[in-house]
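Please open the structure in your viewer and keep the selection panel at hand. The tour begins at the ligand and then moves outward.

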Amino acid sequence: EPVQAAEKTYTVGTDVTFAPFEFTDKNNRQVGIDIDILKAIAKVEGFKLNIKATSFNGAVQELQAGQIDGVMAGMSITKERKEMFNFSDPYFKSGVVMAVAKNSKIKGFADLRGKRVAIKTGTAAGAYANSIKKKYGFTTVTFDDSNNVYQDVIAGNSAACFEDKPVIQYAIATGLDLRITKMKLADPNNYGIAVQKSDPEFLATLNRGLKKLRQTGEYDRIITRYLGNGS
Ligand code: GLN
């Protein structure tokens, strides 16, 4: 009798808290759009999944070092990253906005002169802030997770933060005491799953799985689960 090939196990790194994409629910379970999509792909494609939550930057560094097989963490597909990794087909539209304290008078970048802006290590929003800070005369401070970024603004240490719109919007809708200054996206981008360049097989598996989830309606069900029907 032929021996059945063992199911492959893929280890995918993710962020600790980047709701609604990955977060821990009240029962201490790891949930979110990324987690559910990844699990659904593993199911339809028949592989075992090991999801490893570190931090966004930590996960990207582990992928770079070849310690994990992929990163799914609301990760923006950027030109620079495409030189290092392969990305799956895009699965979510995003982009950067600025958020400030509810009672802040800041309306736009021009009001940031001499002030401090909180950003998250290794992120597209952080890179965007750094790319305009000289022009607008502000400084930046970095944190490894989104929550510390927001708290620095709430505490009044930073005048603003730069973050992905769907994430800060979700945080505000669930009680975070900040407001977005302008809804128009700076640096519009798409999220994709990053994999090693040397692993075309995993890339093909992910894209095939994503396609199946879109065809069966599972993708839409997952989005609705976290964002409701209005998304
Ligand atoms: N989308 C942003 C990026 O790719 C942020 C990701 C994150 O913080 N998890 O840089």
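Select the ligand first, together with the 13 residues that surround it, each having a heavy atom within 4 Å of it. The closest are Gly-74, Arg-81, Lys-120, Ala-124 and Asp-164. This is a predicted model, in which local features need pLDDT of at least 70, side-chain atom pairs count only at pLDDT 80 or more, and totals for chains, interfaces and linings use all residues. Residues are numbered from 1 along each chain as its sequence is written, and side-chain values use heavy atoms, without hydrogens and water.

Colour this shell by residue class: 6 are nonpolar, 3 polar and 4 charged. Here Ala, Val, Leu, Ile, Met, Phe, Trp, Tyr, Cys and Pro count as nonpolar, Asp, Glu, Lys and Arg as charged, and the others, Gly among them, as polar.

Next, display Asp-15, where a polar side-chain atom lies 2.8 Å from a nitrogen atom of the ligand. At Ser-76, a polar side-chain atom is 2.7 Å from a ligand nitrogen atom. Then show the backbone of Ala-73, which places a polar atom 2.8 Å from a nitrogen atom of the ligand. The protein buries 100% of the 300 Å² that the ligand exposes when taken alone (Shrake-Rupley method, 1.4 Å probe).

Now colour the domains, whose bounds come from an automatic or database assignment: domain 1 (9–91 + 192–227) and domain 2 (94–188). Their contact, meaning heavy atoms within 4.5 Å, takes 15 residues from domain 1 and 12 residues from domain 2. The C-alpha centres of the two domains lie 25 Å apart.

Finally, return to the ligand: why does it lie between the domains? Both domain 1 and domain 2 give residues to the shell around the ligand, so the ligand lies between them.

Note on methods
Polar contact = N/O pair within 3.5 Å; in protein donor to acceptor, adjacent residues only side chain to side chain.
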